[in-house]
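Hi,

Here is the structure I said I would pass on. Have a look at it first, and my notes follow below.

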Amino acid sequence: MDFSIIQYSKFMTLLAMLLQNLKTLHMSLEDSIKWLGEVMAEIGPTHSQKSEDWNIFDVKQANAIIDYLKISLFQHYKLYEFMFFSAREEIVIGTEQVIEVVKSACGPFPNPLEEGVSSDIYSTFIEPPTTLDTEMKGLDQEQSPEESRPETDTSNMDPLVGFTIEDVKAVLDQVTDDILISTQTKINEKLQIQEEAFNARIEKLKKA
């Protein structure tokens, strides 16, 4: 249409205002068409007098603008409403991954893996203890010799101390009776099952 720079500016302002009315004021299609008619007739949506700012298009140019808005904005009005008002799922275009870096070995050998040897075997046979740990263990052994003696004494004690022969016999008799009773019950159950099976076979033979 060979618009001038001012006409291009006014046309882009008109298009931006239509989109802004749809986005912020939630104008319907009918309201937007009415608003466009008022503006193209040089009457703003909130003014009753003619505005000289829009009086720069002739009739041919105004009809061309209306035809363009009809096939671009108004024809796809529902699409613009969906774009402005409908919530859409966010598309993930990137993800963050955490990579665990292996720690540097403090000694001549690296630390044991989870699926490798246990830490006890590693510390005992693979990695020799440091001099500081050896000195600390020696001090602990020197300071607590008396504390370790009761433990050794209690570990060497007979667990049957305090029980008489009659108590031991009574416990053994009770355990033996329990075992015999359970064994006898299992044998009786098996005999009963076999007896029922034999009786069933005999009944079949009688019927035959």
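A quick definition before anything else: helices here are DSSP runs of H or I with at least four residues, numbered from the N terminus. Please also keep in mind that this is a predicted model.

With that numbering, the protein has 8 helices and 0 strands, so the order of elements from the N terminus is simply α-α-α-α-α-α-α-α. Of its 208 residues, 13% count as buried. The accessible surface comes to about 18500 Å², and carbon and sulfur atoms account for 58% of that. As for contacts between residues at least 6 apart in sequence, 62% of them join residues at least 24 apart.

Now the inside. The largest nonpolar core has 18 residues, and Leu14, Ile65 and Leu69 have the most contacts within it. At least two residues of this core come from each of helix 1, helix 2 (29-40) and helix 3 (59-74). If you want a place to start looking, try Ile65: beyond its neighbours within four places in sequence, it touches Phe3, Phe11, Leu14, Met40 and Phe57. Two of those names, Phe3 and Phe11, turn up again in an aromatic cluster with Tyr8 and Tyr68. Searching the whole structure gives 4 aromatic pairs.

Asparagine 21 is worth a click too. It sits in helix 1 (residues 5-24) and has a relative accessible area of 11%, so it counts as buried, the cut-off being under 20%. Setting aside neighbours within four places in sequence, asparagine 21 is in contact with His26, Met27 and Trp35.

On charges, how many salt bridges does the structure hold? Just 1. It joins the side chains of glutamate 81 and lysine 78, at 3.9 Å from N to O. Both residues lie in helix 4 (residues 77-85), 3 residues apart, or about one turn of the helix. Lysine 78 has a relative accessible area of 68%, which means it is exposed.

Last, something on the outside. Phenylalanine 163 is in the loop between helix 7 (145-155) and helix 8 (165-207). With a relative accessible area of 52%, Phenylalanine 163 is over the 50% cut-off and therefore exposed. Together with Val168 and Leu172, Phe163 forms a nonpolar patch on the surface, with about 290 Å² of accessible area between the three. In soluble globular proteins, nonpolar side chains tend to be buried together, which is why I picked this patch out for you.

Cheers

Terms used. Residues are numbered from 1 along each chain as its sequence is written. This is a predicted model: local features need pLDDT of at least 70, side-chain atom pairs count only at pLDDT 80 or more; totals for chains, interfaces and linings use all residues. Side-chain values use heavy atoms; hydrogens and water are left out. Rings of Phe, Tyr and Trp (its six-membered ring) pair if their centres lie within 6.5 Å; planes under 30 degrees apart count as stacked, over 60 as edge-to-face and the rest as tilted. Patches are made of residues with over 30% relative accessible area and no salt bridge: like charges are joined within 9 Å, nonpolar side chains (Val, Leu, Ile, Met, Phe, Trp, Tyr) within 5 Å. Accessible areas come from the Shrake-Rupley method with a 1.4 Å probe; for residues, only the protein chains shown count as cover. A salt bridge is a side-chain nitrogen of Lys or Arg within 4 Å of a carboxyl oxygen of Asp or Glu. Buried means under 20% relative accessible area, exposed over 50%, partly exposed in between (1.4 Å probe, protein chains only). Contact means heavy atoms within 4.5 Å. A nonpolar core is a set of buried Ala, Val, Leu, Ile, Met, Phe, Trp, Tyr and Cys residues joined through side-chain atoms within 4.5 Å.
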